[in-house]
Protein chains: 2
Amino acid sequence: MSDYRAFYPGRRVMITGGLGFIGSNLARHLVGLGADVLLVDSLIPDYGGNLFNIHGIESRVRVNVADVRQATTMNCLVRDREVIFNLAGQVSHIDSMRDPGTDLDINCRSQLTLLEACRRHNPGAKVVYASTRQIYGRPERLPVDETHLVRPTDINGINKAAGEQYHLVYNNVFGVRACSLRLTNVYGPRQLIRHNRQGFIGWFIRLALEGGEIEIFGDGSQLRDFVHVDDAADAFLRAGATDAVNGEALNVGGLEPIAHKDLVTLLIEVAGGGSMRLVPWPPEKKKIDIGSFFSDSTRFTTATGWRPAVSLRDGLSTTLEFYRAHRDQYIGGDEAPPVS
Amino acid sequence: MSDYRAFYPGRRVMITGGLGFIGSNLARHLVGLGADVLLVDSLIPDYGGNLFNIHGIESRVRVNVADVRQATTMNCLVRDREVIFNLAGQVSHIDSMRDPGTDLDINCRSQLTLLEACRRHNPGAKVVYASTRQIYGRPERLPVDETHLVRPTDINGINKAAGEQYHLVYNNVFGVRACSLRLTNVYGPRQLIRHNRQGFIGWFIRLALEGGEIEIFGDGSQLRDFVHVDDAADAFLRAGATDAVNGEALNVGGLEPIAHKDLVTLLIEVAGGGSMRLVPWPPEKKKIDIGSFFSDSTRFTTATGWRPAVSLRDGLSTTLEFYRAHRDQYIGGDEAPPVS
């Protein structure tokens, strides 16, 4: 896999959710490699798509605003694409519990729509799906590898798991080559930090930026692993360029786990601001708490040579720099109040 | 659990898919126990609902024709029900591969609709969901217990798995008590045998009835376990009457596995007609073949005392008698041709 970058010059690729956090960072890598990049994004408010995310590469990508649930549109857009990075999704587990039907539409129906579009109109495409460590639920052992049961604790996790499995079935039955990457907590520039409903790491970064108080539930000993978005993008590039992982769902995790309280301590140190407070678990949060989690990415590393390269300290530092430089694009405007 | 039957006299129960195969047999048991039985069924042609299935108990049940996807209807119907046996579903894996969107609607959206109806309008209800061994996919060891990975090989299996997981999340997070029974191959009177898209056992029975040739793929050594519908109904009764299995998804399997060729030999003997032919695996079927499968129901037996009681020979014999007596209600009319 040393030459996976050589696969991309001139390659016709598509990124669904291409104006979102991971999608736009991946787009930057692909533009750098000389790929022909089509970004599809619905730009639904609150979901993470942001036109500023492609600031500086606007002239080197094609943007098509569309909803992935819309079948005739997707039938058209997939036709000439060789690799499809399928990152569109509803990622808020809080939203999924309030409105499970919309989560189902976006995380299940839209995946079927895309895969049917490939099956019927471009069966030669390769599809790489962005799954999540969230589908494992509360781990029964650590680190979590792919032999661990998938037992999501929320609607979003269930629907993401179904979305992943569709890809594997289309690979195995219909020959639409596909694989799935189970990403752990991804962080970095261009993440949505406008509200706190899309995972804690972006919100912690925002609070540190603003010198705010970061609340941690319990004693802060719960472990997590983190992947910088550049490492995540590299994982997608490798998966897109090889047939060695077709039909597989593989973990893409961080270098080493860190306790919440140590993460926040590091973040405050790197940011030069913010504070930490331990608060008791709210009962309704405790019900869906998964305890400690970190993943074992050995299978993906073995298959593709991928390894995370960005240390947490460096990653947090450049992320904070990015938001400081572009604060107005990510904070402010019509903000929803934080959800407690 | 010796007194689980005493739970039902006067109990207000609802069965979704109540005019279908398992639903209508369960209704007969509940009527016998003196329960207040509401049957909800969409009567979508080809799906298994059949008004003749409640022949003889029509006056002792209430039938409400409705589509479980229809939220306002479900909000109304669940209100006074104490136990909901949730059996409505699209059960054809063949149909799911042709039209995955409809399978998603019926096996995912409708489950969310029912569970949301309970969450918002009847959070005290107990829900028992009919899941399937199909969600396990191709087993990596036998017998399959609940620690085995869920890796469906088709769209129907994926959506049934999601439907099951919704129930567990609503139990764990929203307090709507729910559990799921992973049924193995169920057979018996009142199964749809009008076409061959709902599993092989009903179709084999029909062919034997008509003196036809029963084709088995490969050498016929693949193992399966079978549960008579009366045993399946007893499993639902036990699960509905106890809180010991809330939040659990448990196997409900057969007495002992039998090879396809031995099953068909037994069926031909009991039926006094029909013949068997071994044919090579069609390549597109081989791709989704799961090899041998049989399940371990120890957990459910331990929790509820349930054990299958009907032998395969006796079960096939009474099933054949039933269809001989009521042939016109289950065969004929506007039949679709068999799917190959």
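**Exercise 1. Find which residues touch the most other members of the largest nonpolar core.**

Solution. Start with the rule: a nonpolar core is a set of buried Ala, Val, Leu, Ile, Met, Phe, Trp, Tyr and Cys residues joined through C-beta atoms within 7 Å. Buried here means 20 or more other C-beta atoms within 10 Å of a residue's own, exposed means 12 or fewer, and partly exposed is in between, with C-beta atoms placed from the backbone. The largest such core has 188 residues, and the ones touching the most other members are Ala232(A), Phe236(A), Ala232(B) and Phe236(B).

Now zoom in on Phe236(B). Setting aside residues up to four places away in sequence, Phe236(B) touches Leu26(B), Phe85(B), Val128(B) and Leu181(B); contact means that the C-beta atoms, placed from the backbone, lie within 7 Å. As background, nonpolar side chains in soluble globular proteins tend to be buried together.

A word on the model: it is predicted, so local features need pLDDT of at least 70 and side-chain atom pairs count only at pLDDT 80 or more, while totals for chains, interfaces and linings use all residues. Residues are numbered from 1 along each chain as its sequence is written, and chains are lettered from A and ligands numbered from 1 in the order in which they are written.

**Exercise 2. Work out how chain B meets chain A, and how the two copies are related.**

Solution. Step one is the count: 24 residues of chain B are in contact with 24 residues of chain A. Step two is where they come from. On chain B's side, helix H4 (100-121) and helix H5 (155-174) each supply at least two residues; helices (H or I, at least four residues) and strands (E, at least two) are DSSP runs numbered from the N terminus. H5(B) gives the largest share, nine residues.

Step three is the chemistry. Chain B's side divides into 15 nonpolar, five polar and four charged residues. Ala, Val, Leu, Ile, Met, Phe, Trp, Tyr, Cys and Pro count as nonpolar, Asp, Glu, Lys and Arg as charged, and the others, Gly among them, as polar.

Step four is the symmetry. A turn of 180° and a shift of 0.0 Å along the axis lay chain B on chain A with an RMSD of 0.0 Å, superposing by least squares on the C-alpha atoms of residues with pLDDT of at least 70 in both. The two copies are therefore related as by a two-fold rotation axis. Leu149(B) is the residue of chain B that comes closest to that axis, its C-alpha at 2.7 Å. Both copies use the same surface, since 100% of the contact residues of chain B recur in chain A.

**Exercise 3. Describe how H4(B) packs on H5(B).**

Solution. First the geometry: the axes are 9 Å apart and the angle is about 10°. Axes are lines fitted to C-alpha atoms, for helices over the stretch in contact, and angles run from 0 to 180 degrees between N-to-C directions. H4(B) is therefore roughly parallel to H5(B); the label covers angles under 35 degrees, with over 145 roughly antiparallel, 65 to 115 roughly perpendicular and the rest oblique.

Next, the residues. H4(B) contributes, among them, Pro100(B), Leu104(B), Cys108(B) and Arg119(B), and H5(B) contributes residues including Ile155(B), Gly163(B), Tyr166(B) and Phe174(B). By class, this contact has ten nonpolar, six polar and three charged residues.

**Exercise 4. Place Gly17(A) and Ala241(A), and say whether each is buried or exposed.**

Solution. Gly17(A) sits in the loop between strand E1 (12-16) and helix H1 (21-32) of chain A. Its 25 C-beta neighbours inside 10 Å make Gly17(A) buried. Gly49(A) is 32 residues away from Gly17(A) in sequence but 6.9 Å away in space, C-alpha to C-alpha.

Ala241(A) belongs to helix H7 (residues 229-241) of chain A. With 20 C-beta neighbours inside 10 Å, Ala241(A) counts as buried too. Apart from neighbours within four places in sequence, Ala241(A) contacts Tyr4(A) and Phe7(A).

**Exercise 5. Pick out the backbone oddities.**

Solution. The yardstick comes first: most residues other than glycine have a negative phi, and most peptide bonds are trans. Leu142(A) and Pro143(A) are joined by a cis peptide bond, omega about -10°. In chain B, the bond from Leu142(B) to Pro143(B) is cis, with omega near -10°.

For phi, Leu43(A) has a positive value near 50°, and Leu43(A) is partly exposed, with 15 other C-beta atoms within 10 Å. Arg190(B) has a positive phi near 80°, and Arg190(B) is buried, with 26 C-beta neighbours inside 10 Å.
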